[in-house]
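Please examine the sequence and the three-dimensional structure shown below. The paragraphs that follow lead from the whole protein to individual residues.

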Amino acid sequence: MTRTSGILADRAIKALFAEGQLKSEAALDADQVQPASLDLRLGSKALRVRASFMPGPACTVAEKLDRLTLHEIDLENGAVLETGCVYIVPLMESMDLAPGISASANPKSSTGRLDIFTRVMVDHAQEFDKVPAGYAGPLYLEISPRTFPVIVRRGSRLSQIRFRAGQAVLSEPELLALHTADTLVASDAPNVSGGGIALSIDLKGSGPDGLIGYRGKHHTAVVDVDQKAAHDVLDFWEPLYARGQGELILDPDEFYILVSNEAVHVPPLYAAEMTPFDPLVGEFRVHYAGFFDPGFGHAGAGGTGSRAVLEVRSHEVPFILEHGQIIGRLVYEHMQEPPEGLYGSGLGSNYQAQGLKLSKHFRAP
């Protein structure tokens, strides 16, 4: 089955490279193409800039960089990116898309869980993380570590991109029907509104110790983004435990890793994206939107019980989160065709069947 519109699957992404619509400086990594997305790789240099910027319709990114660059950093052998600084890195991948193909980007799951703020930029853009249909040109990644300094190098993968043909977002009636058939979130009374299906927060914990999350520590050592299980949890994170009636006070500008109360399911013919929650409901937000590939939480791919891990910040004032409070929404889209592989099915997926889980860089406590 192939639709005229939808998210491009792994087979179609590979075809974009074969057709020259996608290009790269080097051969693709074996696991770089995911079921519904492509990991993007850092190039050989990072440019430290004065501030984040948008190129705008009259400028290329390179033209803005000529004026705003403070320092160039060689990434060939690895380099430290400091917290509170803004870097622009030309990516190894570039595009020459057909008129009917557009794209959108998001931080990879591990990137968001390290509180690394990333956004893809293209020439003449007026929006971050959006690639207009028919775009031809280079890709750049804005990087700003927020909590931990990080080591990156040429080929590091911090961001991922999805490709679309037309519009394929499920309407609210379609979403409710799909939930009825396939249980998208483990809820007897799902909240379907705002174009998505709601997720709430777990602040009671399911383990014997009542662990509900982690708060990032300040003034830590560096995290190497390419090393798995290389760091001790307690050197970087303060564990948080359930107390009283299931409440957590978010301190302003602190970074928290929490988990959804509901298990999440993305059926094989669909892809999902978590959208930042409406700030009008409180002075907090899920800090990073995120992609959920086909097969996440799918029993056939070993994902029964998979929760959504949430990266949360409060802004300006302390804010009390309560157990069961809505904290994000999942928007679902049709796949154009079934992917060759599902998330978790022999792809080295790090977060299938997850509960509360830090990024892959930390050793299990």
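Of the 365 residues in this predicted model, 54% count as buried. The accessible surface comes to about 15100 Å², and carbon and sulfur atoms account for 50% of that area. The chain is arranged in four helices and 26 strands.

The overall dimensions can be considered next. Along its principal axes, the C-alpha trace spans about 55 × 50 × 40 Å. For a protein of 365 residues, a compact globule would have a radius of gyration near 21 Å; the value here is 20 Å, which agrees with that expectation. The contacts of the chain add to this picture. Among contacts between residues at least 6 apart in sequence, 81% join residues at least 24 apart.

Helix α1, which comprises residues 10-19, shows how a single element is covered by others. Its buried residues are D10, A12, I13, L16 and F17. The cover over these buried residues includes strands β2 (22-24), β3 and β13. After α1 comes G20, which has a positive phi near 85°.

The charged side chains form another theme. The protein carries 32 positive and 45 negative side chains, and the centres of these two sets lie 2 Å apart. Side chains of opposite charge can pair when their charged atoms come close. In the whole structure, a search finds 20 salt bridges.

One of these salt bridges involves helix α1 again: R11 pairs with E340, and their closest N and O atoms are 3.5 Å apart. Because R11 belongs to α1 while E340 lies in the segment after β26 (326-334), this pair ties together parts that are 329 residues apart in sequence. Both partners are partly exposed: the relative accessible area is 48% for E340 and 39% for R11.

A second salt bridge joins the side chains of K108 and D39, with an N to O distance of 3.1 Å. K108 is located in the loop between β8 (101-107) and α3 (109-113), whereas D39 is in strand β3 (residues 38-41), and the two are 69 residues apart. Are these two residues buried or exposed? K108 is buried, and D39 is buried as well.

A third salt bridge is formed by the side chains of E333 and R164, at 2.7 Å from N to O. This pair also links distant parts of the chain, since E333 lies in strand β26 and R164 in strand β13 (residues 157-165), 169 residues apart. E333 and R164 are both buried. Salt bridges may also share partners, and in this way D29, D31, D39, R41, E93, K108 and R157 are joined into one network.

The backbone deserves attention as well. Most residues other than glycine have a negative phi, and most peptide bonds are trans. Which angle does D115 show? Its phi is near 60°, a positive value in a residue that is not glycine. D115 is situated in the loop between α3 and β9 (116-122). Residues under 20% relative accessible area count as buried, so D115, at 0%, belongs to that class. H124 is not a glycine either, yet its phi is positive, at about 65°. The position of H124 is in the loop between β9 and β10 (130-131). With a relative accessible area of 40%, H124 is partly exposed.

H124 leads to another loop residue, C59, which lies between β4 (45-49) and α2 (61-68). Which residues does C59 touch, leaving aside its neighbours within four places in sequence? C59 is in contact with K64, D123 and H124. C59 is partly exposed, with a relative accessible area of 22%. Separation in sequence and separation in space can be set side by side here. C59 and A36 are 23 residues apart in sequence, and their C-alpha atoms are 31 Å apart in space.

A further pair of distances concerns H315, which lies in the loop between β24 (307-314) and β25 (319-322). H315 is partly exposed, with a relative accessible area of 27%. H315 and M54 are 261 residues apart in sequence, while their C-alpha atoms are 23 Å apart in space.

Conventions:
Residues are numbered from 1 along each chain as its sequence is written. This is a predicted model: local features need pLDDT of at least 70, side-chain atom pairs count only at pLDDT 80 or more; totals for chains, interfaces and linings use all residues. Side-chain values use heavy atoms; hydrogens and water are left out. The radius of gyration is taken over C-alpha atoms; the globule rule is 2.2 Å times the number of residues to the power 0.38. Buried means under 20% relative accessible area, exposed over 50%, partly exposed in between (1.4 Å probe, protein chains only). Contact means heavy atoms within 4.5 Å. Accessible areas come from the Shrake-Rupley method with a 1.4 Å probe; for residues, only the protein chains shown count as cover. Lys and Arg count as positive and Asp and Glu as negative; His and the chain ends are not counted. The place of a charge is taken as NZ of Lys, CZ of Arg, CG of Asp or CD of Glu. A salt bridge is a side-chain nitrogen of Lys or Arg within 4 Å of a carboxyl oxygen of Asp or Glu.
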